[in-house]
Amino acid sequence: MSGVGAADTSLNPEDYKGFKLAIIAASWHTRVMDGLIDGAQRAARDAGLEPTLVRVPGTFELPVAATRLADKFDAIVALGVVIRGGTPHFEYVCQGATGGLTDVSVLTGRPIGFGVLTCDNEEQALDRAGLEGSTEDKGYEATAAALQTAATLKNLA
């Protein structure tokens, strides 16, 4: 199980004063996405922020939305879930989303929290969604990572 050796996700509101945060969330797999969004919004509140939530149809659309938002926000969180099926579609969507979000982050210098679950089955996704009974909260973790990176980059300026 992942999560072993995870980074500290504590958030001090003093570190994020004036930051603007966008959460971009896919719409497939509603129950899992509701958990991821809740975790991301909870992390934002812990950091003293009120995030902007943008919904897109699926995980593949996350990079184009991130591109549009990159110059307006200090940090972005991308949330989605792709569950393996019987065709190569899983690999194409995962590769497109991962490569696209990486490109946006590197080219814009804007941190993007990667909250895209790439799972073999629905049970794995539910276990990572931050729902009651889940062992992990990837929405919270991705938000903390994006904000902590944004604070680090700000201090480098």
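In helix α1 of this predicted model, the buried residues are Val-32, Met-33, Gly-35, Leu-36, Ile-37, Gly-39, Ala-40, Ala-43 and Ala-44. These buried positions pack against strands β1, β2, β3 and β4 (112-119) and also against helices α4 (122-128) and α5 (138-156). The length of α1 can be checked against its residue count: at 1.5 Å a residue, its 17 residues should span 24 Å, and the end C-alpha atoms are 24 Å apart, which agrees. After α1 comes Gly-48, whose phi is positive, near 80°.

The strands contacted by α1 belong to one sheet. This open sheet has 4 strands in the order β2-β1-β3-β4, and their pairing is parallel. Because β2 and β4 stand at the edges, each has a single partner strand, and one side of each is left without a neighbour in the sheet. From one strand to the next, the twist averages 15°. In general, the strands of a sheet pair through backbone hydrogen bonds, in either a parallel or an antiparallel arrangement.

Strand β1 (residues 21-25) is mostly covered, with 5 of its 5 residues buried. Burial extends to both of its faces: Leu-21, Ile-23 and Ala-25 are buried on one side, and Ala-22 and Ile-24 are buried on the other. Pairing of β1 with β3 (residues 75-83) involves 5 bridges, and the two strands run parallel. Within this pairing, Ala-25 lies opposite Leu-79 of β3. Strand β1 is also joined to β2 (residues 52-55), in the parallel sense, by 4 bridges. Ile-23 has Leu-53 of β2 as its bridge partner. The connection from β1 to β2 passes through helix α1 (residues 30-46), and this β-α-β crossover is right-handed. A further position in β1, Ile-24, stands opposite Val-54 in β2.

Two other helices pack on the sheet. Helix α2 (residues 62-69) touches β1, β2, β3 and β4, and its direction makes about 160° with that of β1. Helix α5 touches β1, β3 and β4, and its direction makes about 150° with that of β3.

Strand β4 stands at an edge of the sheet, yet 6 of its 8 residues are buried, so the strand is largely enclosed by the rest of the structure. Its pairing with β3 is parallel and comprises 8 bridges. In this pairing, Ile-76 stands opposite Ile-112 in β4. The chain passes from β3 to β4 by way of helix α3 (residues 89-108), in a β-α-β crossover that is right-handed.

Charged side chains were examined next. The count of salt bridges comes to 9. Among the residues involved, Arg-128, Glu-136, Lys-138 and Glu-141 are linked in a network. Glu-136 pairs with Arg-128, the closest N and O atoms being 3.9 Å apart. Glu-136 also forms a salt bridge with Lys-138, for which the closest N and O atoms are 2.9 Å apart. Lys-138 in turn meets Glu-141 in a salt bridge, at 3.0 Å from N to O. Glu-141 and Lys-138 are 3 residues apart in helix α5 and are therefore separated by about one helical turn. An α-helix has 3.6 residues a turn, so residues three or four places apart point the same way.

The members of this network were also compared with the burial cut-off, under 20% relative accessible area. Glu-136 counts as buried because its relative accessibility is 6%. Arg-128, at 17% relative accessibility, likewise counts as buried. Lys-138 counts as buried at 18% relative accessibility. Glu-141, by contrast, has a relative accessibility of 26% and therefore counts as partly exposed. The salt bridge between Lys-138 and Glu-136 thus joins two residues that are both buried, whereas the salt bridge between Glu-141 and Lys-138 includes the partly exposed Glu-141.

Methods. Residues numbered from 1 in each chain as written. Predicted model: local features only at pLDDT ≥ 70, side-chain atom pairs only at ≥ 80, totals over all residues. Heavy atoms only, no water. Buried < 20%, exposed > 50% of the residue type's maximum accessible area, 1.4 Å probe, protein only. Pairing = 2+ DSSP bridges. Right-handed = clockwise from strand over helix to strand, strands pointing away. Expected span 1.5 Å × (residues − 1). Contact = heavy atoms within 4.5 Å. Axes fitted to C-alpha atoms, helices over the stretch in contact; angles between N-to-C directions. Salt bridge = Lys/Arg side-chain N within 4 Å of Asp/Glu carboxyl O.
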